[in-house]
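The following questions and answers concern the structure shown below. Each answer closes on the value or name requested.

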Amino acid sequence: MDKPFAITLKPGSSLANHTGSWRTMRPVYVDRLPPCNATCPAGENIQGWLLHAESGDYEKAWRSLVQNNPLPAIMGRACYHPCEGACNRTRLDEAVGINSVERFLGDEAIKHGWKFDAPAKASGKRVLVIGAGPAGLTAAYHLQRLGHQAVIYEAAEHAGGMMRYGIPKYRLPRDIIDAEVQRILDLGVELRLNTKVANLAEAMKEGFDAAFLGVGAHIAKRAYIPAGDADKVLDAVSVLRGMEGESAPLLGRRVVVYGGGNTAIDVARTAKRLGAEESIIVYRRTREKMPAHDFEVEDALKEGVSIKWLSTITEAGLSETGGDIMVEKMALDANGFPQPTGEYERIEADSLVLALGQDTDLSLLDNVPGLVTANGIVQVDASMMTGYPGVFAGGDMAGNDRTVTVAVGHGKKAARAIDAWLRNEQHEPDPKHELATFERLNTWYYSDAPKTVRPVLDIIRRQSTFEEVLGGLDEGNALFEARRCLSCGNCFECDNCYGVCPDNAVIKLGPGQRFQFNYDYCKGCGMCATECPCGAIAVVAEDI
Amino acid sequence: MSLQPIKFYQTGTFTVGNRLLAPEERSVQANMQRTNSLNSGHRACQGCGEALGARYAIDAAMNATNRQLIAANATGCLEVFSTPYPETSWQIPWIHSLFGNTAAVATGMAAALKVKGRSEVRVVAQGGDGGTTDIGFGCLSGMFERNDDVLYICYDNGGYMNTGVQRSSATPPAARTATTMAVGDAPGNVFGQGKFVPAIAMAHEIPYVATATVADLRDLEYKVTKAMGMHGARYIQILVPCPLGWGTPSSDTIRMARLAKETGVFPVFEAENGEVTAVLKIRKRLPVEEYLKPQKRYAHLFGKQPRVDTIASIQALADKNIRKYKLLEEGI
């Protein structure tokens with residue numbers, strides 16, 4: 001015993017005292033579902049790819065993005081970005097410009113010629129994809145990456161579907177479509193253009209193990225309007241499709257568009273660009289009830305398009321030139337439905353374009369047993385399979401929510417289900433995480449953007465609103481915009497939990513490795529959870 | 001002042017670290033090799049602000065002195081929960097003093113090091129508000145007056161907490177403690193008594209005086225680092241909420257410190273040679289109720305008949321701080 005005088009015990013460390021035994025509540029690291037991801041119709045892991053974009057690793061961000069969506073440059077232009085509407089940052093200042101960063105990543109990929117990762121080992125299965133629109137292209141892409149041979153039959157002479165024949169160039173330049181389609185073809189997907197499938201059952205006999213239908217909705221709906229000169233009455237689908245032809249459609253100086261969806265807006269803005277002095281949208285209900293997105297309406301109004309609310313067209317082709325139309329004013333009844341008022345107005349017009357929605361040409365499905373359609377829409381189950389086993393469908397023909405992004409989501413979902421079906425399995429999607437609501441965040445740690453940053457922010461906001469006019473983000477502001485992401489519900493390694501623990505009970509595992517609790521010493525005070533900026537720590541009761 | 005201008009950074013400068021920051025821009029606490037001066041296994045209550053504040057401050061001091069540091073520690077919570085014989089949580093040379101003489105012990109250590117020519121070894125004295133503002137005040141004032149080369153850190157939780165929450169001269173007005181009970185016409189601690197030692201330290205015109213809270217880590221580390229870069233008597237008072245004595249959830253310790261600063265109840269500033277040189281501005285001003293209401297020690301103010309007069313008096317004290325230290329104005 002060589003202890004000093006009056007000392008009976010050796011010095012010890014408090015590490016011998018396992019304070020974890022005090023705990024009644026236990027902190028656990030969780031990943032919660034950010035609202036952007038929860039809202040994305042294409043099922044993108046937005047927070048996930050923004051995390052890589054934040055560190056300036058754009059290629060990694062792009063590779064993460066295309067895990068779910070092979071068309072980021074198209075999506076960064078044509079998507080109506082419901083993610084931004086759901087973004088928690090709107091409660092602090094403004095939503096993160098997800099759409100503009102996506103576009104930046106898509107453009108970077110085209111600029112640098114990034115290719116998709118090579119497909120998994122070939123399965124030997126062949127899948128027929130009908131239609132080279134967003135749904136078909138996405139399904140083919142995912143199938144190919146899963147090791148199946150995808151073969152696309154496309155009736156038109158170019159791939160793209162409604163992205164090419166429905167969305168005007170000023171919103172989606174055609175070289176962008178070409179580049180992203182080519183990248184999918186480079187993966188080994190086979191594309192046969194000018195190949196219309198008249199009979200699905202026949203086509204399947206060419207050695208296909210399954211089929212995905214994504215033929216879209218290309219037949220314009222008509223409304224009966226008495227017209228003196230039918231030449232002057234056009235439909236939106238043919239006008240927009242005509243823009244892809246040799247000569248642009250002749251609409252005249254005064255164009256009236258009938259309808260209230262995004263297509264009506266597209267036609268009215270296209271008419272303006274074709275030189276129409278007046279481009280008037282006639283819609284039977286109010287602005288609040290209009291199905292078109294508000295920012296599209298706003299852009300159209302800024303470009304000089306005028307809109308007549310609460311109006312229906314009762315007669316067309318009235319004048320000698322054959323274009324004038326008669327409009328009846330409407331009033332909303334108690335239930336919010338428009339009712340005629342008997343008040344009429346005559347509008348001078350050189351042409352009338354009907355934008356009243358589209359139907360699908362379902363004739364190719366005539367001989368498929370078990371396949372059910374209702375109101376012109378193919379009925380599918382949760383895995384996108386039709387009533388005929390092995391035949392799946394998606395995009396505009398399989399739902400009423402008709403956007404490019406929804407179609408991409410359908411294509412992905414169907415491809416995964418087809419992959420499972422080909423292996424005689426059932427595709428089980430991963431269980432969804434709990435939603436990362438605004439209340440779960442500790443926004444104290446976010447809100448102090450230095451003042452000098454503010455004007456930059458405003459410039460970016462303006463750019464994303466006028467994308468087609470001002471172009472995309474450059475590297476500097478794309479990085480800034482990405483870094484505005486709050487990383488809701490997912491650890492971004494801010495070290496807060498590691499710092500604020502009074503008991504050193506958080507172990508920092510190093511870059512990219514996140515953190516771990518040391519339950520030997522964690523007393524369960526819960527400070528880490530309170531001070532976690534992004535709500536990635538849950539506190540659960542211990543079994544006592 | 002103390003905040004690093006880190007641009008284009010999603011969470012401003014208030015998080016402990018971040019994977020996107022260069023290592024030199026991160027706080028000491030973000031470092032995987034931080035000293036952990038006060039190690040795991042100590043017996044402080046769940047969510048103890050003092051244990052957190054002590055590790056923040058001493059890790060920063062260790063970092064600033066190249067780990068050449070000795071601490072003298074007054075009796076009090078910090079000593080009791082960190083060193084039950086024969087265990088210690090301290091991973092630094094550490095001496096336990098009496099309750100009232102830690103400033104004097106530190107003075108002696110600094111003198112001995114000077115005699116031995118060990119100028120690279122620096123001295124810190126630390127204690128709670130009881131050991132600092134009450135019992136050890138004579139020794140502290142002497143240390144200031146002689147300008148001894150010691151950084152004295154006071155962890156202010158507003159009372160004698162481990163002995164059962166008795167009043168100290170740092171207990172705020174109206175707060176309930178075991179010795180200022182919530183009874184009578186003016187329940188809780190009396191108005192107009194107690195003392196704010198940072199102001200007294202400034203009156204000694206020592207080189208450096210600062211206040212900080214556990215809610216602003218970067219500010220705290222900046223001040224400790226700055227203090228260790230100076231010689232002579234220096235004093236830092238750190239507000240460390242006490243879940244036990246304040247009656248707040250253990251998860252809300254940092255939140256309470258943040259509210260104390262944002263309401264103006266606790267002014268965060270630094271002073272050199274007796275003059276205030278910088279203050280930490282209020283980011284988002286809040287009424288004092290936001291700070292008072294979550295604390296059970298003020299529960300008697302929010303009963304069936306809220307004591308609006310008392311709340312107004314506390315608000316007046318906060319407003320006075322805001323005026324006096326210019327906590328809202330731009331510029332300083």
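Q: How many helices and strands are there in chain A?
A: The model is a predicted one. Both kinds of element occur in chain A, and the counts are 19 helices and 22 strands.

Q: What share of the residues of chain A count as buried?
A: A residue is classed as buried when its relative accessible area is under 20%. Chain A has 544 residues, and the share that meets this criterion is 55%.

Q: What percentage of the contacts in chain A between residues at least 6 apart in sequence join residues at least 24 apart?
A: The C-alpha trace of chain A spans about 120 × 60 × 50 Å along its principal axes. Taking the contacts between residues at least 6 apart in sequence, the portion that joins residues at least 24 apart is 70%.

Q: How far apart do the centres of the positive and negative side chains of chain A lie?
A: Chain A carries 58 positive and 72 negative side chains. The distance between the centres of these two sets is 3 Å.

Q: What is the area buried between chain B and chain A?
A: In the contact between the chains, 55 residues of chain A meet 52 residues of chain B. Carbon and sulfur atoms give 50% of the buried area, which comes to about 4600 Å².

Q: Which side chains meet in a salt bridge with an N to O distance of 2.7 Å?
A: The rule finds one salt bridge across the interface of chain B and chain A. The criterion is a nitrogen-to-oxygen distance within 4 Å. At 2.7 Å, N to O, the two side chains are those of A:Glu531 and B:Arg258.

Notes
Residues numbered from 1 in each chain as written. Chains lettered and ligands numbered in written order. Predicted model: local features only at pLDDT ≥ 70, side-chain atom pairs only at ≥ 80, totals over all residues. Heavy atoms only, no water. Helix = DSSP H or I, 4+ residues; strand = E, 2+ residues; numbered from the N terminus. Buried < 20%, exposed > 50% of the residue type's maximum accessible area, 1.4 Å probe, protein only. Contact = heavy atoms within 4.5 Å. Lys, Arg positive; Asp, Glu negative; His and termini not counted. Charge placed at Lys NZ, Arg CZ, Asp CG, Glu CD. Buried area = accessible area lost by both parts, 1.4 Å probe.
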